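Have the sequence and the 3D view ready, and let's walk through this one together. We'll go from a few charged side chains to the strands around them.

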Amino acid sequence: GLRVYVANRDSSSISVINAETQAVLETISSSDNISINGPIALTESADGSYLFIANIFSNTVAVLDTQSNSLIKTITIDSNPASLQVMDSGDSEKLYVANSYSNSISVITITDSDPANWQSEQTISVNAHPQGLILDKHGYLYASHEGSKTISVIDTDSNTVISSVNLTVTPFRLNLSADNRHLFVGEFTYSGANGVTVIDTELARTNPAQAELHRWSDIGTGN
């Protein structure tokens, strides 16, 4: 049946939950030479065969085989991975990893059928403290930057930053509208006065100074 994977950062484990009964089926922790160390973000490969685990305390991404729920590989990346995004273009599949403390995004090609060959092959330099990542249907990757209060736009064809949107608030989590015309930016504050900023994605790429359309403020607390 359907399963839900939950990252337990403080206990350095992954819970596997039956989506129908909500029962915990299994708890996965480090095994052999592959560690789960402060899992902060999860994402699956396009076909669901693999689960990628961002380990914030060890600067690695662990790979889990979802058929056996066994850990099969560790990929070393830059400092403090905060979020993950898979891009599947049909003939190529890549994993993007936002590395918050090193101000970079790692690019890992996962097209090869043998996970043993997967490794970080490129690093994209970005603004300070990237946190959230999201990919639109046109192949543009958006990254939120807690340290610089910006949104970077990355062209995944060339893996280069093509523009940056300046904000007056601290961006954190990201989501896209169904038509991909609008990017919703969840803010993070310690005061609890959180909000959501709406970005026009086309203007973010072509005229970033005009990209911010609206901001809802004081809508709740948390992240």
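Start with arginine 215: in this predicted model, its relative accessible area is 33%, so it counts as partly exposed. Now look for its partner. Arginine 215 makes a salt bridge with glutamate 187, and the closest N and O atoms sit 2.6 Å apart. Where do these two sit along the chain? Glutamate 187 belongs to strand β17 (residues 182-187) and arginine 215 to strand β19 (residues 212-220), so the salt bridge ties together parts that are 28 residues apart in sequence. Glutamate 187 has just 5% relative accessibility, and because buried means under 20%, that residue counts as buried.

That's one salt bridge, but the model has 4 of them by the rule used here. Another one joins aspartate 136 and arginine 205, with 3.6 Å between the closest N and O atoms. Here the link spans distant parts of the chain: aspartate 136 is in the loop between β12 (130-135) and β13 (140-145), while arginine 205 is in helix α1 (residues 201-206), 69 residues away. And are these two buried or exposed? Both aspartate 136 and arginine 205 are buried.

Next, find lysine 94 and glutamate 121. They form a salt bridge too, with their closest N and O atoms 3.8 Å apart. Lysine 94 lies in strand β9 and glutamate 121 in strand β11, so this pair ties together parts that are 27 residues apart in sequence. What about burial? Lysine 94 has a relative accessible area of 15%, so it falls under the 20% cut-off and is buried.

Those last two strands lead us to a sheet. A quick reminder helps here: strands of a sheet pair through backbone hydrogen bonds, and they can do so in a parallel or an antiparallel way. In this case 4 strands make an open sheet, in the order β8-β9-β10-β11, and the pairing is antiparallel. Why do β8 and β11 each have a side without a neighbour? β8 (81-88) and β11 (120-125) stand at the edges with a single partner strand each, so one side of each is left free of a neighbour in the sheet. Going from one strand to the next, the twist averages 20 degrees.

Zoom in on the middle of that order to finish. Strand β9 (residues 93-99) and strand β10 (residues 104-109) run antiparallel and are joined by 6 bridges. If you want a spot to look at, pick valine 97, which stands opposite serine 106 in β10.

Note on methods. Residues numbered from 1 in each chain as written. Predicted model: local features only at pLDDT ≥ 70, side-chain atom pairs only at ≥ 80, totals over all residues. Heavy atoms only, no water. Pairing = 2+ DSSP bridges. Helix = DSSP H or I, 4+ residues; strand = E, 2+ residues; numbered from the N terminus. Axes fitted to C-alpha atoms, helices over the stretch in contact; angles between N-to-C directions. Salt bridge = Lys/Arg side-chain N within 4 Å of Asp/Glu carboxyl O. Buried < 20%, exposed > 50% of the residue type's maximum accessible area, 1.4 Å probe, protein only.
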